[in-house]
There are 2 protein chains.
Amino acid sequence: MIVWIDGEFLETDAARIGIDDRGFLLGDGVFDTFAIRDGAPKDFAAHMARLRAAAAAFGIPVPFADGEAEQAASDLAARNGVVRGAGRLTISRGPGPRGLLPPDPAQPFVLLAVAPAAPAPAPVRMLLSDVARSSAALSSRHKTLSYIDNVEARRRAALAGCGEALMLNERGEIACASAANIFWIADGALRTPSLDCGVLAGITRANLLRAAPDLGLAVEEGRYGLAALDAARAVFLANSVLGIAPVAALTGGGRERAWEGDAEMLAALSARA
Amino acid sequence: MIVWIDGEFLETDAARIGIDDRGFLLGDGVFDTFAIRDGAPKDFAAHMARLRAAAAAFGIPVPFADGEAEQAASDLAARNGVVRGAGRLTISRGPGPRGLLPPDPAQPFVLLAVAPAAPAPAPVRMLLSDVARSSAALSSRHKTLSYIDNVEARRRAALAGCGEALMLNERGEIACASAANIFWIADGALRTPSLDCGVLAGITRANLLRAAPDLGLAVEEGRYGLAALDAARAVFLANSVLGIAPVAALTGGGRERAWEGDAEMLAALSARA
């Protein structure tokens with residue numbers, strides 16, 4: 001595979017990071033992940049806006065123009081023969097001396113990589129995770145290189161034979177999966193945790209909330225405990241790469257819940273994801 | 001400088017990390033930082049126990065024996081001419097395919113680096129940070145490569161002309177500085193936030209809590225709001241590299257607090273840190 005690093009196309013094996021990179025040493029960087037459809041990045045303007053907001057929140061300079069990155073993503077997809085797949089644009093703050101204080105100015109390190117699409121996911125079984133999501137942490141509101149809590153939630157889910165994790169915040173409210181927003185359909189509404197639960201503002205999440213009324217669904221964002229899922233007809237996950245993935249069941253905490261699903265509505269939502 | 005990577009001594013410039021390293025992409029790794037005194041790592045057994053506990057919490061294998069790392073730290077200090085300074089031992093989970101799910105087995109990447117001691121810190125002015133510490137997150141209880149919230153607290157403190165940040169948890173309780181535990185002396189007691197406030201179990205913290213009764217101080221760990229600092233005679237920070245650093249003042253949130261300090265007691269504690 002070929003990657004784009006600091007404006008150059010390089011073979012993956014030839015690409016390296018310095019051992020003083022703060023992305024490596026401190027998780028000090030941000031990223032965004034987007035779908036590639038027909039060889040081009042999907043919803044790229046929205047992803048760039050989110051990436052720039054994340055970078056700004058942590059004072060990390062973005063050393064390229066949006067159009068440059070969009071062109072690079074298409075070029076990279078073509079060079080790697082990726083027509084349908086995913087891309088990830090990573091900005092580390094770059095090298096720095098010992099300690100937490102960032103160098104000023106920073107010399108950010110940029111990595112863009114693409115991959116072909118994975119097969120569409122089967123309905124997923126989720127583990128109710130004991131790894132908490134923080135509603136208060138700045139890093140809960142942005143896609144940063146500091147992702148180890150979500151990694152651990154995903155790892156424990158896999159150890160329990162589940163494909164994803166349901167993370168609750170410190171108040172016990174439903175937050176998200178390890179790498180996706182969660183939604184459910186209940187009482188004629190599309191429900192999802194509000195951002196103040198410690199939820200990433202998903203691009204697909206926004207697309208779905210915008211589309212729902214056209215499909216006859218009210219939109220309700222709020223703070224929900226686990227009991228809110230009892231009324232659900234269908235539960236699903238969404239992110240930019242997956243689109244929509246139905247949840248078959250939730251296990252853990254001494255209970256098992258299963259949902260019948262609503263294939264027709266999920267197909268309609270999927271078309272708008 | 002020379003570093004120790006996966007068991008080999010290498011010049012820093014020759015040392016590189018692959019772009020598929022999960023430490024870089026996801027903050028998926030752990031580390032520990034220790035003092036070097038007389039050319040040897042201080043309290044190394046305690047640091048290794050903490051590092052192993054962190055690695056175990058996230059299922060990351062530790063691919064070396066404690067004695068091997070201890071010897072490498074001394075050798076590395078000698079090769080770099082560091083008699084008094086600091087060392088950092090980093091274990092990333094290593095390379096992996098796209099996505100959060102860790103490869104099994106992982107091939108961890110190990111980096112050990114040392115640096116000469118920085119000058120002893122002047123009494124520090126702290127900024128009351130608006131970057132929250134999570135009391136619930138697994139990553140709050142371990143030293144992981146996912147450190148961006150603390151980086152940001154430190155960065156905002158520097159922007160406000162302060163040398164450190166005081167982080168509160170989501171309940172508004174005092175937690176810690178960006179890279180140190182916090183302590184204060186009040187009513188004849190040494191007080192510090194309890195670990196359930198979202199505090200790292202500092203090795204120096206443990207040394208100080210053990211030493212305090214010998215110095216005539218009661219030890220009180222608990223959940224404290226900011227008002228608890230009003231009764232303090234002296235406030236200080238502690239970590240393995242700094243030892244003890246007095247706090248001169250806390251600013252932010254529309255208030256300024258200053259403390260006279262207690263040079264004699266801090267010197268006595270410092271000798272036991």
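Between chain B and chain A the count of salt bridges, meaning a side-chain nitrogen of Lys or Arg within 4 Å of a carboxyl oxygen of Asp or Glu, is zero. I should say at once that this is a predicted model, in which local features need pLDDT of at least 70 and side-chain atom pairs count only at pLDDT 80 or more, while totals for chains, interfaces and linings use all residues. Residues are numbered from 1 along each chain as its sequence is written, chains are lettered from A in the order in which they are written, and side-chain values use heavy atoms, with hydrogens and water left out.

Polar contacts are another matter: 18 residue pairs, both at pLDDT 80 or more, are in polar contact between the two chains, that is, they have N or O atoms within 3.5 Å, one able to donate a hydrogen and the other to accept it, and residues adjacent in sequence count only if both atoms are side-chain atoms.

Turning to extent, 58 residues of chain B are in contact with 58 residues of chain A, where contact means heavy atoms within 4.5 Å. About 4,600 Å² is buried between them, with carbon and sulfur atoms giving 71%; this is accessible area (1.4 Å probe) lost on putting the two parts together, summed over both. Of what chain B buries against chain A, Ile19(B), Phe24(B) and Ile148(B) supply 18%, more than any other three residues.

Finally, strand 3 (residues 16–18) of chain A pairs with strand 3 of chain B in the antiparallel sense over three bridges, strands being DSSP runs (E, at least two residues) numbered from the N terminus, and pairing requiring at least two DSSP bridges. There, Arg16(A) stands opposite Gly18(B).

Methods
Helices (H or I, at least four residues) and strands (E, at least two) are DSSP runs, numbered from the N terminus.
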